[in-house]
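Biologist: Please take one part of this structure and examine it closely for a first-year student. I should like to know how the charged side chains there are placed, and what lies around them.

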Amino acid sequence: MLRVDDFAFLKGRAYGTVVVDVDASAVIDLLPDRSSGTLVAWLTAHLGAEVICRDRDNSYSLAATTACPDAVQVAVR
């Protein structure tokens, strides 16, 4: 189970994506931006996600659908 969410390198200026292993409560990776292309590339390189918890941002939804079409997506607030 993965959790993807955005975070601020510099509040209001530069944002990235954090990828968390929910079961282990551990950060797996920090991605340099919050674009769907970057997340698709990461998910494609790390196959096997069965559940992806994400916020309601369209870029994360698109990335999860593109890279892991069989994964269950859970949209959180």
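Modeller: A salt bridge is a side-chain nitrogen of Lys or Arg within 4 Å of a carboxyl oxygen of Asp or Glu. The model is predicted, with local features needing pLDDT of at least 70 and side-chain atom pairs pLDDT 80 or more, while totals for chains, interfaces and linings use all residues. Residues are numbered from 1 along each chain as its sequence is written, and side-chain values use heavy atoms, leaving out hydrogens and water.

I have chosen strand β1 (residues 2-10) and its surroundings. Helices (H or I, at least four residues) and strands (E, at least two) are DSSP runs numbered from the N terminus. The strand belongs to an open sheet of 5 strands, ordered β3-β2-β1-β4-β5, with mixed pairing (two strands pair if DSSP finds at least two bridges between them). At the edges stand β3 and β5, each of which pairs on one side only. On average, neighbouring strands of the sheet are turned by 30 degrees against each other, direction ignored (axes are lines fitted to C-alpha atoms, for helices over the stretch in contact, and angles run from 0 to 180 degrees between N-to-C directions). Helix α1 packs on this sheet and touches β1, β2, β3 and β4, its direction making about 130 degrees with that of β3.

On one side, β1 runs antiparallel to β2, and 8 bridges join the two. Leu2 has Asp21 of β2 as its bridge partner, and Asp5 stands opposite Val18 in β2. The hairpin of β1 and β2 has 3 residues between the strands, and Gly12 takes a positive phi near 85 degrees there. On the other side, β1 runs parallel to β4, joined by 3 bridges; here Arg3 stands opposite Cys53.

The charged residues of β1 come next. The structure holds 2 salt bridges. One joins the side chains of Asp5 and Arg3, at 2.9 Å from N to O. Asp5 is partly exposed at 21% relative accessibility (buried means under 20% relative accessible area, exposed over 50%, partly exposed in between, with a 1.4 Å probe and protein chains only). Arg3 is likewise partly exposed, at 24%. In the other, Arg34 meets Asp6, with the closest N and O atoms 2.9 Å apart. This pair links distant parts of the chain, 28 residues apart: Asp6 lies in β1, and Arg34 in the loop between β3 and α1. Arg34 counts as partly exposed at 37%, and Asp6 does too at 28%.

Arg54, in the neighbouring strand β4, presents another case. Arg54 is buried yet has no salt bridge, and the nearest side chain of opposite charge, that of Asp55, is 5.6 Å away (Lys and Arg count as positive, Asp and Glu as negative, and His and the chain ends are not counted). Beyond its neighbours within four places in sequence, Arg54 is in contact with several residues, including Val4, Tyr60 and Val74 (contact means heavy atoms within 4.5 Å).

Tyr60 leads to helix α2 (residues 58-67), whose buried residues are Ser59, Tyr60, Ala63, Ala64 and Ala67. Seen down the axis of α2, these fall within an arc of 130 degrees, so they line one face of the helix (the arc is that of the directions from the helix axis to the C-beta atoms). Among the elements covering them are β1, β4 and α1.
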